[in-house]
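I opened this structure to look up how the chain is built and where empty space is left in it. My entries follow in the order I made them.

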Amino acid sequence: MKRTLALLTFLTVFFSNTATAQFRKYSNEFLNIGAGARGLAMGGAQIASVSDGTSGYWNPAGLVHVKDVPQINLMHAEYFAGIGKYDFAGLAFPSANKKRTVAITGLRFAVDDIMNTLFLVEPDGSINYNNIQAFSSADYAFLISFAQKLKETVNKDVQFGVNAKVIHRSVGKFAKAWGFGLDAGVQIRKGKWKFGVVGRDITTTFNAWSFSFTEREKEVLYLTNNEIPVKSTELTAPRLVIGAAREFKLGKKSSLLAEANFDLTFDGQRNTILSANPVSADPKIGLEFNVNNVFYLRAGINNFQKALADGDTLNQKKVWIYQPGGGAGFKIQNVTIDYAFTNLANQSNPLFTHVFSLRLNLVGDTKRTKSK
C-alpha cells in the first residue's frame, strides 16, 4: 500500500508539472465515453473492479483476470436519437500460465450522412440541391494491451497493465489525423477491498492533423469568410484515475459491490465538483448487485456539472446536473449479455441511450474447460 501511495504521489506531481505546457483541454473526448454496458451502467466506476475484456479500456491491469480461454467483448450504442454511433470490440488472450494477458481493442464513434452544403448556392445565387453531398465524421482508436500479475499471496494480489493506442480521426475527405499515446494501470486486491490506479495519456497523446481542399473548395471558403485550416497538432494532457471498491456479502448467493472513482485532470479548472487550478476532480460512483454470479443489477452516477437552471429567464441561477445510469446483466455458461440505460446529463430534454454488450468466453479444449 505504501508503494501504491508513493506511485500516486509521483504521478500527481509529474502530471501537474507536465500540464503547464499548452494542451487542448477537451481532446479525443470519444475516448472518455466508456466501454461495455456494465461500466456505463455503473457510471464509469470501473478502475478497481473491472476484470473482463473491457479492462483494455478501463484499466489494462484488469486483463489478468481473463484466464483459461480467450474472451470476446462487443458493444453498440447510439447517441442523439441515432445520429451518433459508438462501437467497441475487444479480444483478450490469456497465457498458458495464467499470469499474463494480451488484448486488442477497437473503438469507433461516428456521425454519418452529414450534409455538405458548401456548393448549395450557385455563383448566380440560385440554389442547387443536387450539389449536396454526404460525408462522415469518424473517430477511431486501436489499443494493444499487455497485463501481468506482479504478486500473488493468500490475502493480496497485485497486477500491472499497459496500453499502446493508435488514434485515427477523419472528417470526410477534408481532414485526417493520426495520433499515438500510452496508458498504464495497477490493480491491488486485498481481502474484500479492491484498488486501482490508471495513468491515461501518460506520454501526452498527440493528433497530427492534415487538411485537403480542392481549389474550388478553398475559393468558396474564402468568399464566405471561413478560415482555411493548415496542418496542426492537437495534444491531450495526461490524467490520473484512482478508485476503490468493496464487496459486501448479503447472503449465501448474493452480494453488493460498491465502487468510487476520481478522475483527476491537471490542465486547469473544469466544470466539476472539485474544481481548482491546475487540478480538478470528477467523481464517479457505481453499485452492482450480484445474484449467484448469474444475474446482476447495476446503478451509477457521474458527469457532475453546474448548469443554468431551467426556467431561469435571467440566466443567473445555477444548479448541479449529473448523468445517472442503470442496467442489468445475465450470464448463461460462457455468454454474458449486459444492458445499460443512461442519459447525457440533460435537464429539460433528457437524451436517453440504450446500450447492449456481449461477452463471450471462447471454449478451448475439453481439459481446459473442465479445469476452469
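Entry 1, the whole chain. I started with burial: of the 372 residues of the protein chain, 45% count as buried. I note here that the model is predicted. I then looked up the secondary structure and found 5 helices and 17 strands. For contacts, I took those between residues at least 6 apart in sequence, and 57% of them join residues at least 24 apart. The accessible surface comes to about 19400 Å². Carbon and sulfur atoms hold 60% of that surface.

Entry 2, three strands towards the end of my list. How do β15 and β16 run, and how many bridges join them? I found β15 at residues 318-332 and β16 at residues 335-343, running antiparallel with 8 bridges. As one facing pair I wrote down Gly-326 and Phe-341, the latter in β16. The two strands form a hairpin with 2 residues between them. In this hairpin Gln-333 has a positive phi, near 55°.

I followed β16 to its pairing with β17, which covers residues 352-361. This pairing is also antiparallel, and I noted 9 bridges. Here Ala-340 stands opposite Val-355 of β17.

Entry 3, the largest pocket. I looked up its volume, which is about 1000 Å³. Its lining has 36 residues, and the closest to the centre are Ser-51, Arg-189, Lys-194, Asn-293 and Tyr-296. Which elements each supply at least two lining residues? I listed β4 (133-152), β5 (156-171), β10 (239-249), β11 (254-265), β13 (280-291), β14 (295-308) and β17. The largest share, 3 residues, comes from β11. I sorted the lining by class and got 18 charged, 13 polar and 5 nonpolar residues.

Entry 4, the second largest pocket. About 840 Å³ of space lies in it. I found 30 lining residues, with Glu-29, Asn-32, Ile-33, Asn-303 and Gln-323 the closest to the centre. The elements that give two or more residues to this lining are β11, β13, β14 and β15. By class I recorded 13 polar, 11 nonpolar and 6 charged residues.

Entry 5, cavities. I reminded myself of the idea behind the search: rolling a probe the size of a water molecule over the atoms shows where empty space is left. How many cavities of 30 Å³ or more does the structure hold? I wrote down 4.

The largest cavity has about 230 Å³ of space. Of its 21 lining residues, Leu-31, Asn-32, Lys-165, Arg-200 and Asp-201 are the closest to the centre. I recognised Asn-32 from Entry 4, where it is among the residues closest to the centre of the second largest pocket. The lining of the largest cavity divides into 9 charged, 7 nonpolar and 5 polar residues.

The second largest cavity holds about 70 Å³. I counted 16 residues in its lining, and nearest the centre lie Gly-36, Ala-37, Asp-52, Thr-54 and Ser-357. At least two lining residues come from each of α2 (37-41), β1 (71-79) and β17. I had already met β17 as the strand paired with β16 and as a contributor to the largest pocket. By class this lining has 6 nonpolar, 6 polar and 4 charged residues.

Definitions and conventions
Residues numbered from 1 in each chain as written. Predicted model: local features only at pLDDT ≥ 70, side-chain atom pairs only at ≥ 80, totals over all residues. Heavy atoms only, no water. Helix = DSSP H or I, 4+ residues; strand = E, 2+ residues; numbered from the N terminus. Buried < 20%, exposed > 50% of the residue type's maximum accessible area, 1.4 Å probe, protein only. Contact = heavy atoms within 4.5 Å. Areas by Shrake-Rupley, 256 points an atom, 1.4 Å probe, with all protein chains shown as cover. Pairing = 2+ DSSP bridges. 1 Å grid on protein atoms, 1.4 Å probe; cavity = no way out; pocket = protein on both sides within 12 Å on 5 of 7 lines; lining within 4 Å. Points joined across faces, edges and corners; volume = space filled by probe spheres on them. Nonpolar A, V, L, I, M, F, W, Y, C, P; charged D, E, K, R; others polar.
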